[in-house]
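I opened my notebook today to look up a few things in one protein model. Come along and check each entry against the picture.

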Amino acid sequence: MGILETFKAIREDIKANIYYKSMSVLILYRIAHYFFSHGRAGKILGAPFIILHNLMSSWILGIEIPAKTKIGYPLIILHGVGLVINSEATLGSNIIIRQGCCIGNKIQRDGVISAAPTIGNNVEFGVNAQVLGPIRVANNVSIGAGAVVLKDCEEGGVYVGMPAQLVKPRNHS
C-alpha cells in the first residue's frame with residue numbers, strides 16, 4: 001500500500017470510527033503497516049510508530065492488530081476490547097467487528113499450526129465471534145455473536161452457533 005493509499009485508508013477509517021476509541025488504533029495501525037510493509041528500512045524508520053501502535057493498541061486498549069496484517073478499509077471496530085487479529089490474516093473492505101472477536105490460526109490435530117483466515121468484503125462479526133484456521137469467509141457474510149467458524153462461509157450467508165452453521169443462505173432472486 002503506497003502513501004496515498006495509506007492516507008485514503010486513514011481518512012475512511014476516521015469517517016467510519018469517528019465516535020469510537022478504535023479510531024486512534026486504526027490510525028496507528030495504518031501508519032505502522034505502511035512502514036512495516038516497506039522492507040527493513042521502513043521497519044527501522046517506522047519503529048517509533050510500530051512500537052507506539054503496539055503499546056497503545058495491545059497494552060492499553062486490548063486490541064491486537066499486528067502491523068503485518070493486511071486489512072482493507074474502512075474497518076469499523078465497535079467496543080474493540082479483546083479483539084485479536086492474527087498477523088497472517090487478510091481482511092477485505094467494509095468490515096464491522098465487535099469486542100471479543102478472534103480471527104486467527106489454530107493448532108491442527110498433528111500439532112501443526114494452520115494458516116489464518118481470509119475474510120472477504122462487507123463482513124460483519126458479532127460479539128465474541130471466532131474465525132479460526134485456513135478458511136475463507138466470502139463477501140457479504142454475517143457471523144453471529146459467539147459463533148465459532150471452522151469451515152468456509154458462502155457468499156451472503158448468515159452463520160451462528162458452535163460450530164457455526166449456515167442459517168440463512170444467499171438470496172438467489
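Does Lys 151 count as buried or exposed? I looked up its relative accessibility, found 66%, and noted Lys 151 as exposed, because the cut-off for that word is over 50%. I should say at once that this is a predicted model.

**Entry: around Lys 151 and Gly 157**

I found Lys 151 in the loop between strand 13 and strand 14 (158-160). I also checked its distance to Ile 18: the two are 133 residues apart in sequence, and their C-alpha atoms are 34 Å apart in space.

Gly 157 is also in the loop between strand 13 and strand 14. Is Gly 157 buried or exposed? Its relative accessibility is 0%, so I wrote it down as buried. I then listed what Gly 157 touches beyond its neighbours within four places in sequence: Asn 140, Val 141, Ser 142, Leu 166 and Lys 168. Leu 4 is 153 residues from Gly 157 along the chain, and 34 Å separates their C-alpha atoms.

**Entry: the sheets**

I traced an open sheet of 5 strands in the order 1-4-7-10-13, and its pairing is parallel. Which strands stand at its edges? They are strand 1 (63-64) and strand 13 (148-149); each has a single partner strand, so one side of each is left without a neighbour in the sheet. Inside this order I looked at strand 4 (residues 83-85) and strand 7 (residues 102-104), which run parallel and are joined by 2 bridges. Val 84 has Cys 102 of strand 7 as its bridge partner.

I traced another open sheet, with 4 strands in the order 2-5-8-11 and parallel pairing. Here strand 2 (70-71) and strand 11 (136-137) are the edge strands; with a single partner strand each, they have one side left without a neighbour in the sheet. Strand 8 (residues 118-119) runs parallel to strand 11, and 2 bridges join them. What is the bridge partner of Thr 118 in strand 11? I found Arg 136 there.

**Entry: helix 2**

I checked the length of helix 2 (residues 22-36) with a little arithmetic. Its 15 residues, at 1.5 Å a residue, should span 21 Å, and the end C-alpha atoms are 20 Å apart, which agrees. The expected span counts one less than the number of residues, which is why 15 residues give 21 Å.

Next I listed the buried residues of helix 2; among them are Val 25, Leu 26, Leu 28, Tyr 29, Ala 32 and Phe 35. Arg 30 and His 33 are on that list as well. I kept a general rule beside the list: an α-helix has 3.6 residues a turn, so residues three or four places apart point the same way. What do the buried residues of helix 2 pack against? I noted helix 1 (3-16), helix 3 (39-45), helix 4 (47-61), strand 1, strand 2 and strand 3 (75-78).

**Entry: the nonpolar core**

How many residues does the largest nonpolar core have? I found 32, and those with the most contacts inside it are Ile 65, Leu 75, Leu 91, Ile 119, Phe 125 and Ile 143. Helix 2, strand 3, strand 4 and strand 6 (95-98) are the elements that give two or more residues to this core. The largest share, 3 residues, comes from helix 2.

I then followed Ile 119. Not counting residues up to four places away in sequence, Ile 119 touches Thr 90, Leu 91, Gly 92, Ile 95, Ile 103, Phe 125, Val 131 and Val 137.

**Entry: backbone details**

I looked for cis peptide bonds and noted one between Tyr 73 and Pro 74, with omega about -5 degrees. Pro 74 lies in the loop between strand 2 and strand 3. Another cis bond runs from Met 162 to Pro 163, with omega near -5 degrees. Pro 163 is in the loop between strand 14 and strand 15 (165-168).

Finally I looked at phi. Asn 128 is not a glycine, yet its phi is positive, about 60 degrees. Asn 128 is in the loop between strand 9 (124-125) and strand 10 (130-132), and its 40% relative accessibility makes it partly exposed. Asn 140, which I met above as a contact of Gly 157, also has a positive phi, near 60 degrees. Its place is in the loop between strand 11 and strand 12 (142-143). At 37% relative accessibility, Asn 140 counts as partly exposed.

How values were computed: Residues are numbered from 1 along each chain as its sequence is written. This is a predicted model: local features need pLDDT of at least 70, side-chain atom pairs count only at pLDDT 80 or more; totals for chains, interfaces and linings use all residues. Side-chain values use heavy atoms; hydrogens and water are left out. Two strands pair if DSSP finds at least two bridges between them. Buried means under 20% relative accessible area, exposed over 50%, partly exposed in between (1.4 Å probe, protein chains only). Contact means heavy atoms within 4.5 Å. A nonpolar core is a set of buried Ala, Val, Leu, Ile, Met, Phe, Trp, Tyr and Cys residues joined through side-chain atoms within 4.5 Å.
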